[in-house]
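Please find below a colleague's note on the structure, arranged as numbered points. The points concern charged side chains, the nonpolar core and one backbone angle.

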Amino acid sequence: MSEKIVQLNEDVIKGQLKELVRGSVEETLNELLEQEAEKLTQAARYERNETRQGYRSGHYDRNLTTTSGEVTLHVPRLKGVSFETAIIERYRRRESSVEEALIEMYLAGVSVRRVEDNTKTPWGSKVSPATISELNKKAYVHIEAWRNRRLQGGRYPYVYVDGIYLRRNWGGEFENVAILVAIAVNEDGYREVLGAAEGMKEDKASWISFFQWLRGRGLDGVKLIVGDKCLGMLEAVGEVFPDAKYQRCTVHFYRNVFSVVPRSKVKLVAKMLKAIHAQESKKAAREKAELVITQLREMKLKEAAKKVQDGVEETLTYCEFPYEHWTRIRTNNVIERLNREIRRRTRVVGTFPDGNSALMLVCARLRHVAGTQWGNKKYMNMKHLETAFDDTSIAG
């Protein structure tokens with residue numbers, strides 16, 4: 001026995017229902033606009049009476065995105081009375097909230113493609129890449145203002161610096177661009193992003209320009225600069241901050257030694273190097289370093305021994321500062337963590353069209369992480385520094 005089978009196209013039905021709802025919303029909103037216009041003018045369309053307060057002068061169309069889809073509002077033009085509709089005010093508030101949300105997504109590290117996809121569910125339609133690009137330009141204005149702000153943290157005893165390389169398109173060719181980054185701990189013990197700037201290379205000229213820019217914005221009271229060994233940076237520190245001492249990041253130092261150590265012996269050498277920086281005084285650390293150098297030579301690791309001999313002193317500067325701060329100031333980890341966040345975000349972009357876009361994205365990420373993850377968490381107790389030294393005892 002045969003039966004008639006009714007086949008329903010679910011997608012077509014959903015589409016028709018959505019259009020029906022959208023049309024109903026559009027009709028209802030326009031009817032509300034008409035009612036508001038009548039109430040304001042105290043007269044219906046084409047009606048003439050003695051109590052009339054204003055006159056109609058046609059209308060203008062405005063698109064409004066709703067959860068039911070995009071609708072077209074026919075907003076009445078009125079003469080003699082201002083048309084302040086609650087619908088338009090809600091639209092303006094919504095438009096502003098959407099803009100703020102999109103900028104926040106961008107600053108939080110969401111890619112343009114994901115922003116497009118993520119806007120469809122809450123707002124009923126995707127935001128175009130062109131719109132996102134325009135909003136990013138607005139974000140750039142805020143980021144640039146933040147980047148050039150006057151530093152208000154007072155004195156900054158500890159400063160961490162590093163350079164991060166990103167790829168950019170330059171005249172049709174791809175090359176690396178260096179973004180110089182500085183983070184500090186202020187005199188109250190809180191971390192602060194001092195700034196970031198583009199430097200074609202990590203050379204002396206770039207670092208001098210960077211440090212002078214920071215000083216011009218209020219960087220003062222620098223006692224220790226922590227970073228990887230970069231000759232350009234070291235020379236710039238001596239010129240711009242002659243009273244500051246330099247601490248070579250111990251982690252970078254270890255990596256440099258590992259570069260000439262067979263993989264099978266890296267773990268053993270790592271324990272030997274860490275033992276140097278586990279000592280309780282600079283004198284003990286130097287003695288331990290001499291023992292490690294001798295052991296490396298006995299292990300036939302002459303290049304590693306030479307690297308330790310030539311560079312270990314630069315890694316022991318932290319010993320001249322309060323013991324309670326040692327674990328915080330002997331490495332560049334505070335800035336390395338931020339660099340990992342930056343690389344995670346920039347990996348999505350790939351190659352930047354220019355250096356400024358790379359700089360803006362790095363600054364956006366720095367600002368976001370510092371604002372959301374650091375908050376008001378104190379990084380160090382600076383009383384230890386105050387009680388251990390006076391204003392001039394570390395200088396020179």
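1. In this predicted model, Lys 282 has a relative accessibility of 17% and therefore counts as buried, the limit being under 20%. Its side chain meets that of Glu 313 in a salt bridge, with an N to O distance of 3.7 Å. The two partners come from distant parts of the chain, 31 residues apart: Lys 282 belongs to helix α9, and Glu 313 to the loop between α10 and α11. Glu 313, at a relative accessible area of 35%, is partly exposed.

2. The pair of Lys 282 and Glu 313 should be read in a wider setting, as both residues belong to a network of salt bridges. The other members of that network are Lys 245, Arg 286 and Glu 320. For the model, the count of salt bridges comes to 11.

3. A salt bridge within a helix is found between Arg 147 and Glu 144, at 3.0 Å from N to O. Both residues lie in helix α4, which spans residues 129–147; because they are three residues apart, about one helical turn separates them. Arg 147 counts as buried at 11% relative accessibility, whereas Glu 144 is partly exposed at 27%.

4. Helix α10 holds another such pair, Lys 306 and Asp 310, placed four residues apart, or about one turn of the helix. Their closest N and O atoms are 2.7 Å apart in the salt bridge. Asp 310 has 48% relative accessibility and counts as partly exposed.

5. Which residues of the largest nonpolar core touch the most other members? They are Tyr 158, Tyr 160, Leu 273, Ile 276, Leu 296 and Val 308, in a core of 34 residues. Two or more residues are given to this core by each of the strands β3 (158–170) and β6 (224–227), and by each of the helices α7 (250–258), α8 (266–276), α9 (282–298), α10 (302–311) and α11 (326–329). Helix α9 supplies the largest share, with five residues.

6. On the surface, a positive patch is formed by Arg 255, Arg 328, Arg 337, Arg 340 and Arg 343. Helix α12, covering residues 333–349, gives the most to this patch, namely three residues. Arg 337 is located in helix α12, and its relative accessible area of 43% makes it partly exposed.

7. A surface patch of negative charge gathers Glu 27, Glu 31, Glu 38 and Glu 47. Glu 31 is placed in helix α1, which runs over residues 10–41. At 44% relative accessibility, Glu 31 counts as partly exposed.

8. One backbone angle deserves comment. Most residues other than glycine have a negative phi. Lys 300 is not a glycine, yet its phi is positive, at about 65°. The residue is found in the loop between α9 and α10. Is Lys 300 buried or exposed? With a relative accessible area of 70%, Lys 300 is exposed, whereas Lys 282, discussed in the opening point, counts as buried at 17% relative accessibility.

Technical notes: Residues numbered from 1 in each chain as written. Predicted model: local features only at pLDDT ≥ 70, side-chain atom pairs only at ≥ 80, totals over all residues. Heavy atoms only, no water. Patch = residues over 30% accessible without salt bridge, like charges linked within 9 Å, V, L, I, M, F, W, Y side chains within 5 Å. Areas by Shrake-Rupley, 256 points an atom, 1.4 Å probe, with all protein chains shown as cover. Salt bridge = Lys/Arg side-chain N within 4 Å of Asp/Glu carboxyl O. Lys, Arg positive; Asp, Glu negative; His and termini not counted. Charge placed at Lys NZ, Arg CZ, Asp CG, Glu CD. Buried < 20%, exposed > 50% of the residue type's maximum accessible area, 1.4 Å probe, protein only. Core = buried A, V, L, I, M, F, W, Y, C linked by side-chain atoms within 4.5 Å.
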